[in-house]
Amino acid sequence: MDSNLYQLNEVYFFVLLITTALAILLVRYTITLRRYLKEFTIVSKKVSNKEFHARLNTYVKGELGELSKNFNYMIQIMDSTIEEVEYKHLQLTSIVKSISHGILAIDIKGNILLINDIAKEMLKSDTEINLEGLNFKNVVKDKSILEVFQKYVGSTQNEVIELNLKNNLVYRIKIDPVYLQDSKHAIIGSIINIEDITEIVKLENMRRDFVANVSHELKTPLTSITGFVETLKINDDINKDTRNHFLDIIEKESNRLKGLIEDILLLSSIENGQDLSYEEVRLFDVFKEVYEITEYIASSKNITVTYDFEDEDVHILGFRDNVKQIFLNLVDNGIKYTPENGRIEVRQCYDRKNQNIVIEFKDNGIGIPKESLSRIFERFYRVDKARSRDIGGTGLGLAITKHMVKSLGGNITVESILGIGSNFIVTIPMETK
């Protein structure tokens, strides 16, 4: 009996010992698990806050240790992947921003995925506002641009549209479809390229007009010369006075042709950046030369030319012949278009606020119509074509003058009232190149 009791006690003790040991192990495991779960929660929160440097401690072994290693490796891969994506996004953004055209990426629903500052300016949007995520219908304010976007965004074809906008702006809008990778049918959006081609169109129109005008201007004197030469050749019995009259016309047209070619060559050399040796030029000295040259022509029409220089010692850095040509063209232009008994005033002063030298050429001539003021400096543009040809103008004088003033870093404008007179205003920086 005692033996059985003793054995039973040993069993109870052994069971108690094992139970205690299991309880201790379970408590330790529970504490470890709770500590691990707490740390896991802290690290996962840091990762969700983009703190990818956070890591789980790997002091635990077994399955929890393996889980820690896998979780840490996942964070590392996620960190490197996001860093790579951000770098590529930064590269893409930098490339798009550096493009001189307006660029937009729009998804199939019309939401803006990417837009550069040039596009914002061209669409008259606030460059400080982030437009990504907004629908283009809420961003594009110009009705004609909006109509183009609505019509072609999502199209399967490449579209190129030239759009004439207000303020004489011309945009070329190119819309290309964006396909899902490895698919030629699933369109996920559109890439829009907006280019301001106003200057290109303007230059092309000027080139076309220039060719047409040159052809016309050359054809007229050549036709006249050819006609009179043929008349002289086939008529031996023409009297001396008639012959001399024909020869005078041929000489006049030849001189006109020569002057036209010389002006074209001069204008071309200026536009192409002629190689000039700049020097200190005293404006008053140059004007006095022009004054003496034009004095006879002015007196023949009884036109009074007066001048008033605030500073007769003012100098600029420029090409003397060009400065002389500016004075000559503007004074001669005033004499040509001022009736007899008129007056021309040349005045030099300073615009000290903007650090400019100002020279005004004012006359009481026939004046310029308001609608012609914006075109008066264009090549071959004439307000009165018949009158201009009668007085020997080539139509290039003011265009040449404008380019010569620009070569000095200056600007030329005109104020005029029809029948009252004109005032050409030349401004040149005090420190010119």
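These are my notebook entries on what I looked up in this structure.

**Entry 1: the overall picture**

I began by reminding myself that this is a predicted model. I counted 10 helices and 12 strands in the protein. Of the 433 residues, 36% are buried. Next I looked at contacts between residues at least 6 apart in sequence, and found that 57% of them join residues at least 24 apart. The exposed area came to about 27400 Å². Carbon and sulfur atoms supply 54% of that area.

**Entry 2: the nonpolar cores**

Which residues have the most contacts inside the largest nonpolar core? I found L283, F327, I359, F361 and F424 in that role, in a core of 43 residues. Helix α7, residues 283–300, gives the most to this core, with 7 residues. Apart from it lies another core, of 25 residues. I noted I115, F136, V139 and I175 among the members of that other core.

F424 seemed worth a visit of its own. Setting aside residues up to four places away in sequence, I listed what F424 touches: L330, N333, I359, E360, F361, I368, F377, L398, I412, T413 and V414. Two of the names on that list, I359 and F361, also belong to the residues with the most contacts inside the largest core.

**Entry 3: the largest cavity**

I then went looking for enclosed space, and the count came to 2 cavities of 30 Å³ or more. The largest cavity holds about 60 Å³ of space. Its lining is made of L283, V323, I326, F327, I359, F361, L408, V426 and I428. By class, I have 9 nonpolar residues there, with no polar and no charged ones. Three elements each supply at least two lining residues: α8 (320–336), β10 (356–363) and β12 (421–429). Which of the elements gives the most to this lining? My answer is α8, with 3 residues. I was pleased to meet L283, F327, I359 and F361 here, as they are also among the residues with the most contacts inside the largest core.

**Entry 4: the second largest cavity**

The second largest cavity holds about 30 Å³ of space. I wrote down L330, V331, G334, I344, F361, D363 and F424 as the residues that line it. The classes here are 5 nonpolar, 1 polar and 1 charged. Both α8 and β10 supply at least two residues each to this lining, and α8 gives the most, with 3 residues. F361 turns up in the lining of the largest cavity and again in the lining of the second largest.

**Entry 5: helix α10 and what follows**

My next stop was helix α10, residues 397–407. Which of its residues are buried? I have L398, A399, I400, T401, M404, V405 and S407. L398 had already appeared in my notes as one of the residues that F424 touches. After α10 comes G409, and I noted that its phi is positive, near 80°.

**Entry 6: a look at K137**

Last, I turned to K137, which I found in the loop between α3 (117–122) and α4 (143–152). Leaving aside neighbours within four places in sequence, K137 is in contact with L146 and Q150. I also checked K137 against F149, 12 residues apart along the chain. The C-alpha atoms of K137 and F149 are separated by 8.7 Å.

How values were computed
Residues numbered from 1 in each chain as written. Predicted model: local features only at pLDDT ≥ 70, side-chain atom pairs only at ≥ 80, totals over all residues. Heavy atoms only, no water. Helix = DSSP H or I, 4+ residues; strand = E, 2+ residues; numbered from the N terminus. Buried < 20%, exposed > 50% of the residue type's maximum accessible area, 1.4 Å probe, protein only. Contact = heavy atoms within 4.5 Å. Areas by Shrake-Rupley, 256 points an atom, 1.4 Å probe, with all protein chains shown as cover. 1 Å grid on protein atoms, 1.4 Å probe; cavity = no way out; pocket = protein on both sides within 12 Å on 5 of 7 lines; lining within 4 Å. Points joined across faces, edges and corners; volume = space filled by probe spheres on them. Nonpolar A, V, L, I, M, F, W, Y, C, P; charged D, E, K, R; others polar. Core = buried A, V, L, I, M, F, W, Y, C linked by side-chain atoms within 4.5 Å.
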